[in-house]
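Me: Please take a close look at one part of this model and describe what surrounds it. I am new to this structure, so explain the terms as you go.

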Amino acid sequence: MEAPDSLHTERLILRRATAADAHAVFRYASDPEVTRHLPIAPRESLDQVDEFLAEVERAWEAGTGFAFAIMRRSDAETIGVIDFTGSHTGVSFGFALERAAWGHGYATEATRAVIDWAFDDDSVFRIWTTVGVDNIASRRVLEKVGMRNEGLLHRWLPTPTIGPTPSDAYMYAIWR
């Protein structure tokens, strides 16, 4: 699978995430409210973010993962990231937005754009993600873009911000 360097929507530019995004990523990745439902602990330093972004760049170059920085067109501000990882029949994805960007429809708009892009590839038959059962806002995003809840995965999602025991999660998917 190959990814374009950018995708454009009405209000957003999704572009390849790079080391230049470190400060923007740190702004939301250090927020315990943002990382609450993510499989990472809040980032404590820019060095941790730099390591993440270096990993992202290696995955992009290898064609195994594609992380797009989510930017508002109105002010070119980076407000989050959405990333896709390929498998033999499809892709999995996840997203995170800074708290100030919540509730504006940006996650839905970004998710639609990457689903459309992924389904342009004839080898992609399924797009899936997992979401914590108590993450109502993200579940709504997934349902708005046409994804279906396929079932409950017990003790599936590591959520270090919540505690050491993996959280229950729902599997959501959309397919051709």
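Reply: Serine 138 is buried, with a relative accessible area of 15%; buried means under 20%, exposed over 50% and partly exposed in between, using a 1.4 Å probe and protein chains only. This is a predicted model, in which local features need pLDDT of at least 70 and side-chain atom pairs count only at pLDDT 80 or more, while totals for chains, interfaces and linings use all residues. Residues are numbered from 1 along each chain as its sequence is written, and side-chain values use heavy atoms, with hydrogens and water left out.

Serine 138 sits in helix α5; helices (H or I, at least four residues) and strands (E, at least two) are DSSP runs numbered from the N terminus. Setting aside residues up to four places away in sequence, serine 138 touches Phe95 and Val131, where contact means heavy atoms within 4.5 Å.

One of these partners, phenylalanine 95, belongs to strand β5. Besides Ser138, phenylalanine 95 touches Leu38, Val81, Ile82, Ala107, Thr111, Val141 and Leu142, again not counting residues up to four places away in sequence. The C-alpha atom of phenylalanine 95 is separated by 6.4 Å from that of aspartate 83, twelve residues apart along the chain.

Helix α5 and strand β5 also take part in the largest nonpolar core, being among the elements that give two or more residues to it. A nonpolar core is a set of buried Ala, Val, Leu, Ile, Met, Phe, Trp, Tyr and Cys residues joined through side-chain atoms within 4.5 Å. The largest one has 34 residues, and those with the most contacts inside it are Leu14, Phe68, Phe84, Trp117 and Ile127. The other elements that give two or more residues are β2 (12-16), β3 (65-72), β4 (78-86), α4 (106-119), β6 (126-132) and β8 (167-175). Helix α4 gives the most, with nine residues. Phenylalanine 84 is in contact with Val91, Phe93, Val114, Trp117 and Ile127, among others, leaving aside neighbours within four places in sequence.

A second, separate core of 14 residues includes Ala17, Ala29, Val34 and Leu53.

Strand β6, which gives residues to the largest core, also holds arginine 126. At 25% relative accessibility, arginine 126 is partly exposed. Its contacts, leaving aside neighbours within four places in sequence, include Gly90, Val91, Phe119, Glu150 and Trp175. Arginine 126 and arginine 58 are 68 residues apart in sequence and 24 Å apart in space, C-alpha to C-alpha.

Two other residues have a backbone angle to note. Alanine 76, in the loop between β3 and β4, has a positive phi of about 60° although it is not a glycine. Alanine 76 is partly exposed, at 47% relative accessibility. Arginine 155, in strand β7 (residues 148-157), is another residue other than glycine with a positive phi, near 50°. At 54% relative accessibility, arginine 155 is exposed.
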